[in-house]
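User: Hello! I am new to this structure and would like to learn why its parts get the labels they do. Could you take me through some of them?

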Amino acid sequence: MTLEHFINEAISPWMREEGADSDIVLSSRIRLARNFANVTYPVLGEESELKKVTDFMKQEYSKQSFHAYKNFQFISMQDLSLIEKRILVEKHLISPNLEKFPQSAVLISEDERVSIMINEEDHLRIQLYFPGYQLTEALEEAFNLDDWIEEKVNYAFDEKCGYLTSCPTNVGTGMRASVMMHLPALAHTKQINRMIPAINQFGLVVRGIYGEGSESLGNIYQISNQITLGKSENDIVLDLESVVKQLIEQERLARKYITEKLGLTLEDRIFRSYGILKNSRIIGSKEASECISNVRLGIDLGIIKNISKNILNELMILMQPGFLQHYANKKLTARERDIFRASLIRERLQLEK
């Protein structure tokens, strides 16, 4: 297992698997923030102290396997180029913040379902992905993974407050549960705009495709919990599930509505988007993401046939700056990226024939 394994393929192996409601829910994720007891947190820690954490995780967990998660690969951020780091961010294997901290690294399982960020805001950020809508299953596996790590790591924990973290908003369970959802019909009917404030009232937050501070591209939204203190992990997941189920139901109703209301106009928009992706020579990221979203909707509605539904996951990552420059094998200007993005998308769609 080498770094090339993780950066040469746009789509992670687990993304090719089927999950419940996968026409709307692209993925379910559980992330746990954990810290070593009696070790200063990365935001304040000396580099020599943080190196002990990195060295320990490399020694104890590199090349190890747990359940179905085989052959964890240890990757140090200081060994990566800017483009390689960008690719790992684009694949959601690391956060944009990881490289900002000294002695930062990541452990990634062979199927890319598990990544353990080392020395981000916390000593450990353990994240586990499942395809489709599988929050409960993801939570159970995250518990198992957490127990496995805790066999060798003494976590910073307080009987009253729970797990202690660098950011006060993570104290308690230290958990972020999230789902990535494709909501093109709710976006088209503008219902999503009035739903977001209501979702926030449940202690949840709606973010873009790359989490905090990112915008929604291709009508993809990340829904996650904000509250980690005063609730159990199961209660947090139940709260999130209740909202996600409603969003799934409302998106299905909205899809039925626009199909009946727009009819041929909807088909025209979908096939125009397909035509743009198949034929354009220059395309920006915003236009590409909108067209990809329309094509995925067309696939889900049965309007476009003989194209894999994984096309949304794959092209949304493939069109990002890191991957474009990796495949071009050089740094690209904004215009060069728009040209190369169009070329890569055309080539990818040719493979579907």
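Analyst: Gladly. Helices and strands here are DSSP runs, a helix having at least four residues and a strand at least two, numbered from the N terminus. With that in hand, Lys 305 can be placed in the loop between H9 and H10. Please keep in mind that this is a predicted model.

User: What makes Lys 305 count as buried or exposed?

Analyst: The cut-off for exposed is over 50% relative accessible area. Lys 305 has 57%, so Lys 305 is exposed. Its side chain also reaches the backbone oxygen of Gly 302 at 2.9 Å. A polar contact needs N or O atoms within 3.5 Å, and the 2.9 Å of this pair fits that limit.

User: Which word describes how H9 and H10 lie to each other, and why?

Analyst: Helix H9 covers residues 285-300 and helix H10 residues 311-318, and they pack at an angle of about 170°. Angles over 145 degrees count as roughly antiparallel, and therefore H9 and H10 get that description. Their axes are 9 Å apart. On the H9 side the contact is made by Ser 289, Ile 292, Ser 293, Arg 296 and Ile 299. H10 brings Ile 311, Leu 312, Leu 315 and Met 316. By class, that contact has six nonpolar, two polar and one charged residues.

User: How do you know that H10 is mostly covered?

Analyst: Eight of its eight residues are buried. They are Ile 311, Leu 312, Asn 313, Glu 314, Leu 315, Met 316, Ile 317 and Leu 318. Each has a relative accessible area under 20%, because that is what buried means.

User: What describes the packing of H7 and H8, and why?

Analyst: H7 and helix H8 (residues 264-279) pack at about 105°, with their axes 5 Å apart. The range from 65 to 115 degrees counts as roughly perpendicular, so H7 is roughly perpendicular to H8. Ile 258, Thr 259 and Leu 262 in H7 meet Leu 264, Thr 265 and Leu 266 in H8. This contact has four nonpolar, two polar and no charged residues.

User: How does the reach of H7 compare with what is expected?

Analyst: H7 has 30 residues and reaches 42 Å from its first C-alpha to its last. The expected value at 1.5 Å a residue is 44 Å, and the reach of H7 is close to that. Just after H7, Gly 263 takes a positive phi of about 55°.

User: Where is Arg 255, and is it buried or exposed?

Analyst: Arg 255 is found in helix H7, residues 233-262. Its relative accessibility is 5%, and because buried means under 20%, Arg 255 counts as buried. Leaving out residues up to four places away in sequence, Arg 255 touches Asp 23, Ile 24, His 182, Pro 184, Ala 185, Leu 297, Asp 300 and Leu 301.

User: Why is Tyr 133 given the label it has, buried or exposed?

Analyst: Tyr 133 has 12% relative accessibility, so it counts as buried under the 20% cut-off. Tyr 133 sits in the loop between S5 and helix H4 (135-150). Its C-alpha atom is separated by 6.7 Å from that of Ser 22, although the two are 111 residues apart along the chain. Among the residues that Tyr 133 touches are Gly 19, Ala 20, Asp 21, Glu 241 and Lys 245.

User: What makes the link between Glu 120 and Ser 95 a polar contact?

Analyst: The limit is 3.5 Å between N or O atoms, one able to donate a hydrogen and the other to accept it. The side chains of Glu 120 and Ser 95 make such a contact at 2.4 Å. Glu 120 lies in the loop between strand S4 (114-118) and strand S5 (124-131). With a relative accessible area of 2%, Glu 120 is buried.

User: What can be said of phi at Asn 119 and Gln 103?

Analyst: Asn 119 has a positive phi of about 60° although it is not a glycine. Phi of Gln 103 is near 60°, again a positive value in a residue other than glycine. Asn 119 is found in the loop between S4 and S5, and Gln 103 in the loop between helix H3 (82-90) and strand S3 (105-108). Asn 119 counts as buried at 0% relative accessibility, and Gln 103 counts as buried at 15%.

How values were computed:
Residues numbered from 1 in each chain as written. Predicted model: local features only at pLDDT ≥ 70, side-chain atom pairs only at ≥ 80, totals over all residues. Heavy atoms only, no water. Buried < 20%, exposed > 50% of the residue type's maximum accessible area, 1.4 Å probe, protein only. Contact = heavy atoms within 4.5 Å. Expected span 1.5 Å × (residues − 1). Axes fitted to C-alpha atoms, helices over the stretch in contact; angles between N-to-C directions. Parallel < 35°, antiparallel > 145°, perpendicular 65-115°, else oblique. Nonpolar A, V, L, I, M, F, W, Y, C, P; charged D, E, K, R; others polar.
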